[in-house]
Amino acid sequence: MIRPLAAVACLLFATCAIAQDSTALLKEKTVPSPGRPQSIKDGVQIQKSQLEDYVAMLDNLPLTAPAKPKQARKLLILCKAAGFFHSSIPLAAETVKTMGEKTGAYTATITYDSADINAANLANYDGIFLDSTTLEFLGDPKDPATDARKKALMDFVRSGHGIAGIHAAGDTYHTVPARDSGLKPEGTWPEFNKMIGGFFKFHWVYPQPVWVKIDDPKSPLTAMFHGREFEVHDEIYTFLQESFSRKNVHVLTSVDYSKMSAEDKAKEPAATKRTDGDYALSWIHREGKGRVFYEALGHSEHIYAMTPIMTHVLAGIQYTLGDLSADDAPSVK
């Protein structure tokens with residue numbers, strides 16, 4: 001039986017392969033869902049998406065890559081989670097892999113093993129994609145191999161390679177205070193926290209509606225949105241004010257906070273509420289000689305059947321691989 005959410009997704013996006021009209025595609029509506037179980041069973045991460053989600057994704061993939069690769073590219077998709085195991089992880093991995101294959105942008109390998117983050121293996125790749133990795137995704141801090149993985153990851157990016165992440169890639173390497181403790185989360189790996197752009201402190205629960213504004217309409221990474229705001233429903237991440245700053249990253253899209261209801265704004269805990277109303281969703285920046293892209297949307301499976309958003313992600317990946325040039329100077333000098 002096809003679930004209501006998947007059925008809606010199929011109906012909404014069935015024509016996208018023909019029309020590729022972002023105005024129509026981004027007038028997206030969803031119905032409340034009881035939620036899906038996490039992508040883990042008996043202590044092992046589930047590595048296959050549900051069929052209806054996979055088909056909806058295939059029907060709505062971008063037809064072409066935003067840029068022609070300068071050379072053959074290889075991407076490593078890391079799906080290891082160490083906190084919440086998002087049900088969309090397998091679908092996100094399959095989407096990113098298939099986008100590269102169908103458009104010729106890159107070939108990709110999917111792994112659920114953090115041990116694959118080592119210098120010898122990374123030498124085979126041009127970029128890494130973090131697929132809703134959560135918390136200490138490179139391993140137990142007490143494991144001696146963990147430090148080597150951390151070093152391999154940072155050295156890989158800083159030496160001129162790319163790293164892209166979606167959704168819970170921003171829910172990594174931080175403490176998790178009790179919900180009503182009044183305490184703020186703290187970063188546990190400052191180098192990574194700064195590189196990815198910030199860390200999670202709160203989210204509006206799926207299917208929270210928000211209007212997404214295009215902060216840099218001139219960027220080739222936002223060309224698919226044609227400068228127009230759009231409404232979307234997802235689990236919307238917010239980042240600790242001390243961890244995220246436009247002085248560090250070049251913001252591409254963000255929540256139009258002015259269009260959120262007072263009731264929704266009030267859901268954010270006072271102890272960690274942002275005082276600047278700045279709720280960025282996607283951004284890029286330089287890390288040493290390397291390039292970083294992050295997209296906060298992607299909790300729900302239906303996001304992966306929205307062609308413009310996936311084209312945005314594809315453009316972000318191509319930026320990290322060095323095939324799509326873009327202004328990546330910090331948004332605030």
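## Aromatic contacts and a buried loop residue

Lys265 lies over the face of Tyr257, at 4.5 Å from the ring centre, and a second arrangement of this kind places Lys259 over the face of Trp211, at 4.7 Å from the ring centre. Both descriptions refer to a predicted model. The two placements are set out below.

| Lysine | Ring beneath it | Distance to the ring centre |
|---|---|---|
| Lys265 | Tyr257 | 4.5 Å |
| Lys259 | Trp211 | 4.7 Å |

The protein chain carries 10 helices and 11 strands, and of its 333 residues 56% are buried. When contacts between residues at least 6 apart in sequence are considered, 81% of them join residues at least 24 apart. The chain exposes about 14000 Å², of which carbon and sulfur atoms supply 56%.

Across the whole structure, a search finds 15 aromatic pairs. One of them joins Trp204 and Tyr279, whose ring centres are 5.6 Å apart and whose planes meet at 65 degrees; because planes over 60 degrees apart count as edge-to-face, the pair is assigned to that class. This pair links distant parts of the chain, since Trp204 belongs to strand β7 (residues 200-214) while Tyr279 sits in the loop between α9 (262-265) and β10 (280-287), 75 residues apart. Trp204 has a relative accessibility of 1% and therefore counts as buried, and Tyr279, with a relative accessible area of 2%, is buried as well.

Phe244 and Trp283 form another aromatic pair, with 4.9 Å from centre to centre and 40 degrees between the planes, and this pair is tilted. Here too distant parts of the chain are linked, with Phe244 in the loop between β8 (230-239) and β9 (250-255) and Trp283 in strand β10, 39 residues apart. Both Phe244 and Trp283 are buried, and they belong to one aromatic cluster together with Phe200, Tyr237, Phe239 and Tyr294.

Tyr237 of that cluster also appears among the contacts of Ala168, a residue found in the loop between β6 (162-166) and α8 (190-196). Is Ala168 buried or exposed? Its relative accessibility is 0%, so Ala168 counts as buried. Leaving aside neighbours within four places in sequence, Ala168 is in contact with His86, Ser132, Thr133, Thr134 and Tyr237. The C-alpha atoms of Ala168 and Gly83 are separated by 9.5 Å, although these two residues are 85 residues apart along the chain.

Conventions
Residues numbered from 1 in each chain as written. Predicted model: local features only at pLDDT ≥ 70, side-chain atom pairs only at ≥ 80, totals over all residues. Heavy atoms only, no water. Helix = DSSP H or I, 4+ residues; strand = E, 2+ residues; numbered from the N terminus. Buried < 20%, exposed > 50% of the residue type's maximum accessible area, 1.4 Å probe, protein only. Contact = heavy atoms within 4.5 Å. Areas by Shrake-Rupley, 256 points an atom, 1.4 Å probe, with all protein chains shown as cover. Phe/Tyr/Trp six-rings, centres within 6.5 Å; stacked < 30°, edge-to-face > 60°. Lys NZ or Arg CZ within 6 Å of the ring centre and 35° of its normal.
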